[in-house]
Amino acid sequence: MRYEIRVDGQMSDELTTAFPELDSFVVPRQTVLYGQVKDDSHLYGLLVRFQSLGLRILEFRRLPEPE
Amino acid sequence: MGVMSHSVKEGHGDPSETAVTPDGDPVLAARLTVPTVPGTFVRRERLVEQLTEGARSPLTLVNGPAGAGKTLLVADWIRAREPGEVAWLTVEPEDCAPGVFWTYVLHAFGHHGIALPGNIGSPARPGEVDHSLLARLAAWLNGRDSRVVLVLDEFDRVAGCAEVAEGLQFVLRHAGEGLRLVIVSRTEPLLPLHRYRAAGELVDIRADDLAFGAEETAALVDRHGLPLSADGARVLTERTGGWAAGLRLCTLAAQRAGDPESFLKEFEPGHSTVADFLLGEVLRVHPAETQDLLLRTSILEETHPDLANALTGRDDAEPILEELQRANAFVEPIGHSWYRLHPLFAEILRVHLGVRHPGLAPELHRTAARWLIRAGLLDEALPHAADAGDWELAAAEFIDQLAIGRLLTGLAAERLDGLFARMAPEASGPAPDLVRAARELAHHDVDRGVAYLRRAEENLPGGDGGDAAAVRLSCAVLRVLAARVAGSADMAETAARAVAQAERALPADRLERCPELTALTLTDLGSAQLWAGRFDAARATLSDAVRTAQGPSTAFPRHEALSRLALIDFLYGHPGRAESHARGAIAEAEHSGLPVSDGTGMARLVLAAVAIDRDDLAAARDHLDQAAATTTAARDPIVAVEQAILRSRLLCARGDSGAALLALDELAEQRLVSAEPSPWVSERIAMATAAAQLADGDPRAAVKVFEERPGHSCPEGLVAEAWARVAAGESERALRILDGLPGPGNRGPVLEVWGLLTRAQAVDTLGDSSAAESLLLKALTAARPHHLRRPFLEAGPWVRQLLRDRPALAREHAWLTGTLSRRPVDGRSREEREEYASPRPEPLSAREGDVLERLAQLMSTEEIAADLHLSVNTVKTHLKSIYRKLAATRRGEAVRRARELGLL
């Protein structure tokens, strides 16, 4: 499962190290993180990690699998 | 170091507060204390009003993201409005185990001066809590004049635990006006919130409510000595989204800025995430030492100046922490020189630590573990040793502090098991191997457990020092357990001697802190002795086990020991003693909240056996069903065998001897788990088979069972053979066998009655009817106090004939004659049931009481189920049990009986 998560604000490089399993890039006022999510418990774990770092999730969506 | 240990002791508050939970954890008073509200806190009346409103409904929910100011809001409300009795608990992730959660809740009540009555009990197992315990708690809360406000802070840490939520829901529903629940959480709890909302019983304070308005922002900034124009406040509020943590960080940064007013006005998080950016800003303005301390202590939940010094390698922690606290930045004091880092900031700091000092975290964890161990805080130290990957340290300390028994029993078992499950395979030495052995034995994998145990023994340290003694003691305790599972009393006795020897090398106060070690050793030893048929030794050992200190860590071994004592009493023919030990075992389990499925089931089996002797077959079946609900039969061969034997006896009593024989055949083919056979257990199977053959009308086959296995390992077997011989017409042989019975002092009424009856029948067949009659009289007298009907039912027609011929005798023994005159077994009239039940009705459980109460209100089964939030089937089970206990067959009758007995 590949997911894309959009977070409010630009995360510093330091802060993105909290999500070593995801790649990221910044767009104006947002940070986009994306990558492979193993299973549901990984998914929920990610949500908790975002929340515990005070990050506001704007969008969370599953990406179509590459052919 | 002396200073350090002293201050740590202080850290846990006064002695009453240092009470150790069943978990073995010293309860950090901080978890139970209402947090202090800093002077810069801005009280917002609109929220305080909402909370006060909430205290009028059962449930208040304070839901918002990290750093929204939830905790301080509730703490300030408590200080400001004093809403009556308050119990505060800051939830931890390990509270996900319901047993642990409720232990802390009960502790919170106690900590806040709300004295719970002793009969509520406390959970003994981490994973589950018995429903009856929660029912007792709810009933008690409901019955009080005043209400308790229970605050559960950081509830999101157990948000995923359905069982915790269910328990809370149950207690909240049944505590009525007596309980007000305030849940502080980042996520919604798993309670049926829609139901509370629909009923107007929920006050919801959410992120939008918690967000600061512009005026509130102005007040907050002003409180920090930084005046701000209305316009500036509006802009700042907008940019932080009114988020408390953002505002706080922003204000802190402004305080350090050259021109605070313009900093605040022009504050522009720009495109960064607020906390990330601000934390960087705020951190930057602190001196390098402070930054370093914050980064390094971010691996801890709570810190102490000495511990912080250990992590920084400097000695300036005290002034730094005091300064940070004064500046209201990051850390809050939690009393007795301990501090807690704001969880949100700690989380971000940990990320920074990883970037600035890659690879340092494990080192810090190791240092923290060592410091906490020296401070005597093993439970706090173990997770850090694990995070450092230093398993040798974790295991060595665990063994050295005699904690091995806590892997086998008590509330910490699951948590410790989970912790050590991560242990690296490379960790070597006796301590890691002992921990592995204990885990395998706890999971009933004896072969692997013993393999680890053997490897540990090969590497035992020499010398008589305390360390070596602790390793030897742990080893011996596990050996006793392994011997029990292998069914070897000799090995168990040898290991128990090794336990005693190792104990002598250890100071008494260290041993006293681990009562579970003694309880486990004695119960395991007694069980091995019982299996081997060393009944007297087993009785003495198990009685010692029962004398160990009562508490959650010893609840399970004590329950087991009592159950086994009950079985020994039964085997010796003492129904009264057997019953009282069995009831003691069940009470121990209920008091400690041991769920039924975790009980041994043996106590129920003994009650079933006694009920069969009394010909109370309905009760017997009920007890058997309850025994079958436990999971022990798979591991405990005695339970497995007794369960099958009693089923066969019940089948025989109901006249289905064919089915009984089939069941026993199956049992004989099963391989029992123990390596060494038990002489008496196999004899019990033989006896049951012989009895079924007799019931089947084939006395020759019954005698053959005994001829195939000469000799007896228990007095009961002797009587059983004599009984079969009489039936087969070998009366003289039977009398000779009976001469081998132990003296009257060593046999209970049941054996006495069977012996007398056998003898009576034998002499009667030999033509001496007057001797037979006098023996029968003796048997009746011995049987009457215990209402032992079964022997007379099986004795054949001549007993009935005699009683018919002697009306005076029949009247004197009315307890028996009603049963005898009826055939078949099931047609007993109600009067007789009542006659039997009236002397001592079995007490109703709390739950059954609930059901009975509603029964009296003429509620239907479905209505009762809905009202109590139970399934219809569960209610039916309770009803059945109520009918049985009250000897009633219908609702009306049950209610009438309950009124007569003063139960309603």
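**Exercises on a predicted two-chain model**

A:V27 stands opposite A:Q30 in strand 3 of chain A. The model is predicted, and the exercises below start from this pair.

**Exercise 1.** Place the pair in its sheet: how many bridges join strand 2 to strand 3 of chain A, and in what order do the strands of the sheet lie?

*Solution.* Begin with the two strands. Strand 2 of chain A and strand 3 (residues 30-36) run antiparallel and are joined by five bridges. Next, widen the view to the sheet of chain A, which is open and has four strands in the order 2-3-1-4, with antiparallel pairing. Then look at the edges: strand 2 (23-27) and strand 4 (57-63) each have a single partner strand, so one side of each lacks a neighbour in the sheet. Last, the twist from one strand to the next averages 15°. As background, strands of a sheet pair through backbone hydrogen bonds.

**Exercise 2.** Determine whether B:Q761 is buried or exposed, and find which residues it contacts beyond its neighbours within four places in sequence.

*Solution.* First locate the residue: B:Q761 lies in helix 40 of chain B, which covers residues 749-765. Then count neighbours. B:Q761 has 23 other C-beta atoms within 10 Å, and the cut-off for a buried residue is 20 or more; B:Q761 is therefore buried. Now list the contacts: with neighbours within four places in sequence left aside, B:Q761 touches B:V726 and B:A795. For a distance across the chain, take B:G176, which is 585 residues from B:Q761 in sequence and 63 Å away in space, C-alpha to C-alpha.

The setting is chain B, with 50 helices and eight strands. Of its 904 residues, 52% are buried. Among its contacts between residues at least 6 apart in sequence, 70% join residues at least 24 apart.

**Exercise 3.** For B:D615 and B:H787, state where each lies and what the value of phi is.

*Solution.* Start from the general expectation: most residues other than glycine have a negative phi. B:D615 is not a glycine, yet its phi is positive, about 65°. B:D615 sits in the loop between helix 32 (602-613) and helix 33 (617-628) of chain B. Because B:D615 has 23 C-beta neighbours inside 10 Å, it counts as buried.

Turn to B:H787. This residue, also other than glycine, has a positive phi near 55°. B:H787 belongs to the loop between helix 41 (769-783) and helix 42 (790-794) of chain B. Its neighbour count is 19 C-beta atoms inside 10 Å, so B:H787 is classed as partly exposed.

Technical notes
Residues are numbered from 1 along each chain as its sequence is written. Chains are lettered from A and ligands numbered from 1 in the order in which they are written. This is a predicted model: local features need pLDDT of at least 70, side-chain atom pairs count only at pLDDT 80 or more; totals for chains, interfaces and linings use all residues. A residue is buried if 20 or more other C-beta atoms lie within 10 Å of its own, exposed if 12 or fewer, and partly exposed in between; C-beta atoms are placed from the backbone. Two residues are in contact if their C-beta atoms, placed from the backbone, lie within 7 Å. Two strands pair if DSSP finds at least two bridges between them. Axes are lines fitted to C-alpha atoms, for helices over the stretch in contact, and angles run from 0 to 180 degrees between N-to-C directions.
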